[in-house]
Structure formats: C-alpha cells, structure tokens
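Student: Could we go through this one together, starting with how the chains meet?
Tutor: Gladly; here is the structure to look at.

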2 protein chains.
Amino acid sequence: MQSYAATPIAPFAIQFDAAAATLSPPGPTLERRMSDLEGLFADRDAWQKAVDGDNPVVYRVQSSPVPEIDRELPQSITTIEPGTTGGELWMTKGHQHPNYQGEIYLALHGTGGLLMFDGDRVEWVTMAPGTIGYIPPGWAHRSINIGDEPYSMLAVYPGGAGHDYNWVLEHGMGNRVYKTPNGFELRPYGGLS
Amino acid sequence: MQSYAATPIAPFAIQFDAAAATLSPPGPTLERRMSDLEGLFADRDAWQKAVDGDNPVVYRVQSSPVPEIDRELPQSITTIEPGTTGGELWMTKGHQHPNYQGEIYLALHGTGGLLMFDGDRVEWVTMAPGTIGYIPPGWAHRSINIGDEPYSMLAVYPGGAGHDYNWVLEHGMGNRVYKTPNGFELRPYGGLS
C-alpha cells in the first residue's frame with residue numbers, strides 16, 4: 001500500500017486524470033464495503049442481507065501523497081458505485097471536521113449529490129461534472145450516487161480539519177436520499193437506525 | 001464589481017468551466033497590468049518601456065465568492081497572457097503565505113510553470129492541463145506562461161494563508177525564467193532589480 005509523503009514535503013507535481021479518476025503518484029487508498037457502513041442505512045435488515053451476501057464495495061477513496069496534517073492541503077478522489085440498500089442510494093459514511101474548516105468537492109463523472117447538515121439545517125447540491133460543491137466550516141457532509149454509473153469527485157481539504165465519523169452516527173445527516181422511479185428524493189431522517 | 005460572500009456562508013454550488021476558465025457565480029476579479037509588476041523584471045528599461053507604451057494586461061484573476069478568511073477554502077482562476085519583457089516570460093507577481101499553509105494549482109489551458117522558492121532552494125514544476133502543482137507550506141510561488149497562448153490555472157488555498165507580495169521583492173524567487181529559441185530556461189536571479 002502507498003503511504004503519505006513525509007514532511008517537510010518538497011514541491012512536486014501530481015498528475016490528475018479526471019477521466020480515469022486517479023491522482024499520481026498515488027497516496028493511500030481505502031475501500032469501504034457494505035460492512036463498513038453499519039448504522040447508516042435506515043433499513044438495517046437490507047443492510048445486513050447485503051453484508052451477509054457478497055458484502056459489496058460501496059466506494060473507494062484514492063488520495064495523493066500529501067498527508068492529512070495541519071498546514072498541508074491534501075486531495076483525494078472518491079468513487080461511489082451505483083446501488084441502493086432498502087431503496088436508499090449508496091453513499092459515503094459522511095463526516096464532520098472536528099477542526100471546522102471548509103472543503104471543496106469537484107464532480108468528475110456520473111451524477112451525485114452533496115448532502116450537508118449543520119445539526120439543524122440541511123442543504124443539498126446536485127453534482128455533475130464541472131460542479132464544485134462548497135462545504136462551509138461546520139457542515140457535516142456526505143456524497144451520494146444518484147445515477148446508474150459510478151460517481152467520482154475530487155476533494156480538496158485542509159490537512160488539519162480531521163474526520164469525525166461518529167458525529168454522523170450521533171446526529172444523522174438531516175435527510176436520507178432514496179431512489180424513485182424517475183430520479184431521487186430526499187426524506188426526513190425519521191430517527192437514527 | 002462582484003464581491004466575496006458574507007460569512008457564515010451557506011453551502012452552495014460553483015460552476016467550474018475549465019474551457020472558459022471561469023467560476024460562477026463570480027467573486028471579485030483583478031487585473032494586473034505591466035505597471036503593477038514594478039521591480040519584478042530584471043530589465044527595468046524594458047519594463048518601463050512597456051508601461052509607457054500600452055501598459056498591457058499581464059494577467060487576470062477571477063475568484064469564486066468564497067472569501068479569503070480563516071477556515072474558508074477559496075478558489076480562483078488565473079490567466080496569464082503570453083509575452084516577454086526583456087526576454088523574461090510573463091508571470092504573476094508571486095507571493096509567500098505569511099501564515100504558512102499549502103496550496104494547489106491545477107493547470108487548465110496552455111502551458112506554464114510553477115516556480116517555488118523557500119529562500120534557499122528553488123523548485124520548478126512544468127504545468128500542462130491535468131497537472132496539479134503542490135505548493136508546500138513555506139514556499140513562495142509564482143506562475144509563468146511558457147507558451148504562445150494564454151495559460152490558465154485553478155488555485156485552491158486556505159483562506160487564512162494571506163498574500164505577502166513584498167517577500168518576493170525582498171528575497172526574489174531564486175530563478176528567472178526566459179524565453180529561448182526552442183523553449184525556456186531558468187537562470188539564477190543575479191541580484192534583485
């Protein structure tokens with residue numbers, strides 16, 4: 001497995017291949033299977049069935065070598081597979097930055113959504129290639145694949161922001177996103193499952 | 001003139017048109033004419049002659065509405081016109097971040113260079129569409145157009161990093177970049193002009 005560069009980092013070039021959704025030289029990669037998304041889908045039985053089945057890969061994240069430490073500006077590309085669990089569209093776990101700082105997502109392929117929640121208000125940005133979603137400091141964020149093909153996006157974020165996944169388990173994301181016959185719909189959270 | 005968004009900013013979408021080199025909705029724009037680049041080209045006479053002539057626009061910067069304040073993550077697109085002054089390729093003023101933080105440049109059109117200087121070492125990254133240049137914390141940075149057409153690049157930078165242009169006037173950038181019959185060359189600074 002590739003690892004992050006040691007600091008201090010010397011200036012260097014990263015080849016960003018939007019078509020292939022890769023950053024090169026590569027840094028660490030991670031793969032989230034259905035079993036990694038425990039407690040996030042409303043329909044726990046459907047989730048368990050998927051885990052007990054082929055436990056599919058829901059999304060992958062490929063980082064550049066720039067490390068997630070204060071003062072650096074790392075980047076990563078996330079690719080979410082198309083699919084639903086109990087009707088809910090496949091998504092990332094979602095997280096809050098414990099050190100509140102802004103972040104940008106740039107959609108590269110497919111169609112997706114950027115769901116943001118500050119504990120009170122919910123905001124949605126539909127993402128298609130060329131859309132930058134701006135995530136202000138203090139807003140938890142999750143990506144959702146709303147299409148029938150993989151959805152990829154580039155993230156750029158301050159290295160000292162951190163990732164708090166438990167915030168989402170505790171507070172939810174305000175809305176859930178379901179597939180409908182003609183598209184998708186957002187529904188109130190209706191309790192944490 | 002467009003202005004930055006007031007904080008706290010609500011989540012929003014920015015349309016990033018790489019072909020047109022625009023961010024929409026637009027934030028502030030700035031235009032740097034030759035007269036704004038005083039003290040930066042080695043050949044001061046050639047610079048003065050250009051200023052006294054049509055004082056051309058050397059580069060333009062178009063920002064998104066995300067403001068340059070701590071915890072936000074603003075973006076801008078810079079477009080440098082092709083040209084030389086005393087043989088030196090047209091370039092941005094260059095700056096250091098007084099609050100040392102990393103930054104990325106993504107080349108969009110044309111060919112350019114990213115010159116970085118930490119006061120001791122000089123680094124050069126040749127930029128073509130798809131190249132991300134990583135500027136580590138503590139490295140002053142300048143963009144140069146090395147081609148015959150406009151060179152555009154997207155910058156993403158922490159809003160609290162700041163811009164110190166005087167640092168470059170005081171320390172230089174380590175190298176100067178000149179047009180040659182077949183391309184470009186880097187030469188030692190040879191004293192500040």
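**Where the chains meet**

Tutor: Between chain A and chain B an area of about 2900 Å² is buried, and carbon and sulfur atoms give 64% of it; buried area is the accessible area (1.4 Å probe) that two parts lose on being put together, summed over both. This is a predicted model, in which local features need pLDDT of at least 70 and side-chain atom pairs count only at pLDDT 80 or more, while totals for chains, interfaces and linings use all residues. Residues are numbered from 1 along each chain as its sequence is written, chains are lettered from A and ligands numbered from 1 in the order in which they are written, and side-chain values use heavy atoms, with hydrogens and water left out.

Student: Which residues of chain A lose the most area to chain B?
Tutor: They are A:P11, A:R71 and A:Y134, which together make up 26% of what that side buries.

Student: And how many residues does the contact take from each chain?
Tutor: The contact takes 35 residues from chain A and 35 residues from chain B, where contact means heavy atoms within 4.5 Å.

Student: How many salt bridges does the rule find across the interface?
Tutor: The rule finds 0 between chain A and chain B, a salt bridge being a side-chain nitrogen of Lys or Arg within 4 Å of a carboxyl oxygen of Asp or Glu.

Student: Which strand gives the largest share of chain A's side?
Tutor: That is β1(A), with 5 residues on the side that touches chain B; strands (E, at least two residues) are DSSP runs, numbered from the N terminus.

Student: What does β1(A) pair with in chain B?
Tutor: It pairs with strand β11 (residues 131–135) of chain B, in the antiparallel sense and over 4 bridges, and two strands count as paired if DSSP finds at least two bridges between them. Within this pairing, A:Q15 stands opposite B:T131 in β11(B).

Student: New topic: what turn lays chain A on chain B?
Tutor: A turn of 180° with a shift of 0.0 Å along the axis does it, at an RMSD of 0.0 Å, with copies superposed by least squares on the C-alpha atoms of residues with pLDDT of at least 70 in both. That is the relation of a two-fold axis.

Student: Which C-alpha of chain A is nearest the axis?
Tutor: It is that of A:P158, at 3.6 Å from the axis. The same surface serves both copies, as 100% of the contact residues of chain A recur in chain B.
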